[in-house]
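Got your viewer open? Let's take a walk through this protein together, one selection at a time.

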Amino acid sequence: MNNTWSVYIQGTQTLYLTRRLRFHDLFREQYRPHFALDEAKPLRILEIGCGPGALAGALHRWYPKAEIVGIDRDTEFIRFAQEHEPGVTFVEGDATALPFPDGSFDVTISNTVSEHIEPSRFYAEQLRVLKPGGVCLVLSARRGLHAGAACLEASEAEKTFWERFMREDDSNERFAVCQYPLSEAELPLTMARHGFAQISSAFALIDLTPDHPRFPADVARDMIEAGRQTALEALNTARRLSPELAMEDVIGSFTAETNERFDRRLALYEQGEKQWDTAVSITQIVRGVKAEVK
Ligand SMILES: C[S@@+](CC[C@H](N)C(=O)[O-])C[C@H]1O[C@@H](n2cnc3c(N)ncnc32)[C@H](O)[C@@H]1O
């Protein structure tokens with residue numbers, strides 16, 4: 001049983017909700033041309049570090065002929081994914097010791113995982129389980145753009161709390177998170193250095209602006225709720241990581257204020273009072289091919 005990630009780094013519900021938006025069918029064409037997979041074939045696709053399963057679920061919808069398998073070492077993520085993404089097989093396990101035979105997948109894919117695993121171990125296992133000619137897809141989040149609504153601005157007390165918390169927080173080192181970050185240029189070079197050929201690199205731009213009329217109301221509400229979940233989860237995680245700084249009563253009052261702010265944002269949306277708050281995420285998609293045996 002390993003729940004470190006879901007308890008201390010990113011909560012299950014928040015990760016699922018935010019990724020379900022990022023991999024919503026509305027954005028499918030931001031990704032699919034860069035994945036460049038043969039949709040006519042019954043591909044076997046392995047998602048490494050699948051978390052609660054939102055990308056695996058999207059792959060199941062986008063490639064109906066494919067068999068999708070997701071693997072993650074967090075027990076709670078796998079339990080949640082099995083419950084919420086029918087049609088996908090989810091397995092608990094380690095990306096550096098994949099429990100699959102050599103040459104058993106046509107595609108490996110991962111989203112925001114490569115920066116957490118030492119590259120030679122990350123790529124060696126994917127190279128091993130891929131068939132000759134198989135495709136490795138590495139998705140990596142890049143600096144996006146964020147503009148909050150005035151009604152969502154935190155109080156001075158909460159801002160001061162976060163400044164202090166960030167100064168003292170050592171959870172990335174404590175839980176070995178993001179120990180192998182690579183720039184936009186280094187990521188494709190690293191994939192090539194670890195045995196892949198025909199490398200390409202492209203970017204998907206996902207624009208989450210609830211007030212834009214192109215988004216149906218249920219999607220717009222999900223965008224606002226994803227913001228609420230993220231903010232509430234950050235407070236909960238702070239309490240778990242540092243109970244002496246993030247005391248029960250302090251977190252309790254910030255939680256109530258956060259809910260009030262997001263209730264107000266939702267009410268403005270329902271009234272049609274546009275705020276134009278936005279979150280634009282940029283995902284780098286690096287693609288490489290395992291050489292055919294001569
Ligand atoms: C930033 S999260 C991304 C989760 C998911 N890909 C998504 O986008 O929602 C990183 C994930 O990698 C998983 N992970 C990190 N190291 C791993 C390893 N060695 N083996 C399996 N999973 C790992 C974590 O448990 C976590 O679910």
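Before we start, one term: helices and strands here are DSSP runs, numbered from the N terminus, and a strand is a run of E with at least two residues. With that in hand, find strand 6, residues 196-208, because we'll come back to Gln198, which lies in it. One more thing to keep in mind is that this is a predicted model.

**Stop 1: the whole protein**

Show everything as a cartoon. How many helices and strands does the protein have? There are eleven helices and seven strands. The radius of gyration is 20 Å, close to the 19 Å that the globule rule gives for 294 residues, so the protein is as compact as a globular protein of that length. Turn the model around and you can follow the C-alpha trace along its principal axes, where it spans about 65 × 45 × 35 Å. Buried residues make up 35% of the 294 residues. Now think about contacts between residues at least 6 apart in sequence: 79% of them join residues at least 24 apart.

**Stop 2: around the ligand**

Select the ligand and the residues around it. Which of the 21 residues come nearest? They are Trp5, Gly49, Gly51, Arg73 and Ala95. Helix 2 (12-22) and helix 4 (54-62) are the elements that give two or more residues to this shell. Colour the shell by residue type and you should get nine nonpolar, seven polar and five charged residues.

Next, pick Asp74, in the loop between strand 2 (67-72) and helix 5 (75-84). Is Asp74 buried or exposed? It counts as buried, because it has 25 C-beta neighbours inside 10 Å. Leaving out residues up to four places away in sequence, Asp74 touches Asn2, Asn3, Trp5 and Ser6. You've already met Trp5, one of the residues that come nearest to the ligand. You can also draw a line from Asp74 to Cys50: they are 24 residues apart along the chain, and their C-alpha atoms are separated by 9.5 Å.

**Stop 3: the core**

Hide the ligand and look inside. The largest nonpolar core has 56 residues, and Ile45 and Leu137 have the most contacts inside it. Which strand gives the most to this core? That's strand 5 (residues 130-147), with six residues.

Zoom in on Ile45. Not counting residues up to four places away in sequence, Ile45 touches Leu59, Tyr63, Ala66, Ile68, Phe105, Asp106, Val107 and Ile109.

Stay with strand 5 for a moment and select Arg142, which is found there. Arg142 is partly exposed, since 14 other C-beta atoms lie within 10 Å. Beyond residues up to four places away in sequence, it touches Glu184, Ile282, Thr283 and Gln284. Now add Ser281: Arg142 and Ser281 are 139 residues apart in sequence, and their C-alpha atoms are 7.2 Å apart in space.

**Stop 4: two helices**

Select helix 10, residues 217-241. Its 25 residues reach 36 Å from the first C-alpha to the last, close to the 36 Å expected at 1.5 Å a residue. Several of its residues are buried, including Ala220, Met223, Ile224, Gly227, Ala231, Leu235 and Ala238. As you count along, remember that an α-helix has 3.6 residues a turn, so residues three or four places apart point the same way. What covers the buried residues of helix 10? The cover includes helix 2, helix 7, strand 6 and helix 11 (248-271).

Jump to helix 7, one of those neighbours. With 13 residues (156-168), helix 7 should span 18 Å at 1.5 Å a residue, and its end C-alpha atoms are 19 Å apart, which agrees. How many of its 13 residues are buried? The count is zero, so helix 7 is hardly covered.

**Stop 5: odd angles and a loop**

Most residues other than glycine have a negative phi. Now select Ala36, which has a positive phi of about 45° although it is not a glycine. You'll find Ala36 in the loop between helix 3 (28-35) and strand 1 (44-48). Ala36 counts as exposed, because it has 12 C-beta neighbours inside 10 Å.

Go back to Gln198 in strand 6. Its phi is near 50°, again a positive value in a residue other than glycine. Gln198 counts as exposed too, with 12 C-beta neighbours inside 10 Å.

Finish at Asp25, in the loop between helix 2 and helix 3. Asp25 is exposed, because it has 10 other C-beta atoms within 10 Å.

Conventions: Residues are numbered from 1 along each chain as its sequence is written. This is a predicted model: local features need pLDDT of at least 70, side-chain atom pairs count only at pLDDT 80 or more; totals for chains, interfaces and linings use all residues. A residue is near a molecule or strand if its C-beta atom, placed from the backbone, lies within 6 Å of it. Helices (H or I, at least four residues) and strands (E, at least two) are DSSP runs, numbered from the N terminus. Ala, Val, Leu, Ile, Met, Phe, Trp, Tyr, Cys and Pro count as nonpolar, Asp, Glu, Lys and Arg as charged, and the others, Gly among them, as polar. The expected span of a helix is 1.5 Å times one less than its number of residues. A residue is buried if 20 or more other C-beta atoms lie within 10 Å of its own, exposed if 12 or fewer, and partly exposed in between; C-beta atoms are placed from the backbone. A nonpolar core is a set of buried Ala, Val, Leu, Ile, Met, Phe, Trp, Tyr and Cys residues joined through C-beta atoms within 7 Å. Two residues are in contact if their C-beta atoms, placed from the backbone, lie within 7 Å. The radius of gyration is taken over C-alpha atoms; the globule rule is 2.2 Å times the number of residues to the power 0.38.
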